[in-house]
Amino acid sequence: MKTFKQKSLYAALAGVTALGVTSAAQAVNVNPDGLGQVLIYPYYTVRDKTAGNPFSSLLTVVNSTASAKAVKVRFIEGKNSQEVLDFNLFLSAHDVWTAAILPATDGGGGAGVGTFDKSCTIPSNLSHDAANLTSFVNVLLDDAVGDDSLDRTKEGYAEIIEMGTIIAGTKTETAVTHVAGVPPCTPSALTDAVVPTALTTPTGGLFGDMTLINVNAGEDYTEDAVALDNFRNLGHYDTPGDIKPDLRDVNPPTSVVVSGNNVYQSTFLNGGDSQTVDAISALFMHDHVYNTFILDSGTKSGTDWVLTFPTKRYYYTFGPKLAGVQYLFQRNIVANVGGCDDVLATVYDREEASATPQVGFSPSRPGKANTLCWEANVLTFNASQVLGSTNNRNIVTTYQNGWADLNFTLTSAATSDGNTPHRLINFNTTITSIGGGVSSGTTVSYIGLPVIGFAVESYTNGTLPNGVLSNYGGNFVHKGTRSIVQGFLAP
């Protein structure tokens, strides 16, 4: 039966292409092998675990292909996902680029980035000195969330988006290709006028990871970047002074999601309660998220969950002192509170006991208990604060070890503007089922919220003699379920 289902699913996936069920030449998808045109790193931090004991976040991106590439690197703060720094990076064939996000060295109280890597960047003055970082900026931050300080830049997430493959034999390719380990980075070959003529269709093949390391605490946690493949079907160079490209530039705005025995191919267009970035949200929609936790007193264990909504910022309209939610997400942003979405939580111990009534997020918000309110959230268990986040909520449990279920399904009424939160509606979905059935032009509802992330667990062994280092850490990608139902589903 397992073999039959696997072969049938492969046939269904092949049918999406072979039958030409949509006019789209390609469709964006999460590549389970970790390679793509877009990389989303769920979390970075330079927060202090304890006073004067900060994390560093070490980013890596790899070009696995035999062609040079131009990519946009973007760092995004975690409260309402405002950009704090971006630049253009040029990767030669089979190149690796690394950088470190560290507490800023300019005295401003934020974060900054530096690299010892020689790959070409524009601007070219990206710091190559750990004592003199390129600082993140708060130019785009406003006080809609109650804080426009550089402190907000200390935690968030990162995106890398391929703008195109560099054509072999061009001056630009020569300029970015390493010679004896160092590319020439010829300025005349990397101008805004020259680079666009050297770009062609993106081909993907990028992968990446990030390490969250706290040297003084003796802890280290890792994360893989989430890879989106088939993001754009044409090359387009966005200048270093342009905040584009972003996730709204998916082209065509068609997503492919596998759920259960079906393959869902949805095309989203701008207009009404629909926009191109819905195609990216559809990839991340989950109604439940699962993971484990360790709070064992014998090992002084602690657990934090990172829960990032990488498209949330596109569902709000911003103005002076105003942040209005459009659809999908539940509430407007309120200063010092955030834009809060309800979530149900059930905690289980290792022996099947559950404790839903005893679970609550704290500190509680008036009328908004059990909510996640930011775009990059850290859910800490019993205030263990493994990552030292200030975008945190605390979940209280009497269980020392077990697992938890976060439920993003809403049963509440629609919002005051008539929108139904935690529902992403598409009116043009092709469903290919195991067994070969195909239905086109179907209305479906993706239930839940677009979320990515992972859990980190810390351990301290106090029994080792002679001062042997005894701190350990583990990390685990979230698991979950999807709910995609036919029809316009209202609560």
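Modeller: On a 1 Å grid over the protein atoms alone, a cavity is a set of points where a 1.4 Å probe fits but cannot get out. Its volume is the space filled by probe spheres set on the points, which are joined across faces, edges and corners. This is a predicted model, where local features need pLDDT of at least 70, side-chain atom pairs count only at pLDDT 80 or more, and totals for chains, interfaces and linings use all residues. Residues are numbered from 1 along each chain as its sequence is written, and side-chain values use heavy atoms, without hydrogens and water.

Biologist: How many cavities of 30 Å³ or more does the whole structure hold?

Modeller: The search covers the whole structure. With a cut-off of 30 Å³ or more, the number found is one.

Biologist: What is the volume of the largest cavity?

Modeller: Among the residues that line the largest cavity (an atom within 4 Å of a point) are Lys 79, Val 145, Trp 374 and Glu 375. The volume of the largest cavity is about 30 Å³.

Biologist: In which order do the four strands of the open sheet lie?

Modeller: A strand is a DSSP run of E, at least two residues long, numbered from the N terminus. Two strands pair if DSSP finds at least two bridges between them. In this open sheet the pairing is antiparallel. The order is β25-β30-β20-β36.

Biologist: Which strands are the edge strands?

Modeller: An edge strand of this sheet pairs on one side only. That holds for residues 344-349 and for residues 479-481. The edge strands are β25 and β36.

Biologist: Which residue in β30 is the bridge partner of Ile 294?

Modeller: Strand β20 spans residues 288-294, and β30 spans residues 401-407. Seven bridges join these antiparallel strands. In β30, Ile 294 has as its bridge partner Asn 401.

Biologist: Is Leu 91 buried or exposed?

Modeller: Leu 91 sits in strand β7, residues 83-91. Buried means under 20% relative accessible area, exposed over 50%, partly exposed in between, with a 1.4 Å probe and protein chains only. Because its relative accessibility is 0%, Leu 91 counts as buried.

Biologist: What separation do the C-alpha atoms of Leu 91 and Pro 183 have?

Modeller: Leu 91 has contacts (heavy atoms within 4.5 Å) beyond four places away in sequence, including Val 61, Trp 97 and Leu 206. Pro 183 lies 92 residues from Leu 91 along the chain. Their C-alpha atoms are separated by 9.8 Å.

Terms used: On a 1 Å grid over the protein atoms alone, a cavity is a set of points where a 1.4 Å probe fits but cannot get out, and a pocket is an open set with protein on both sides within 12 Å along at least five of seven lines; lining residues have an atom within 4 Å of a point.
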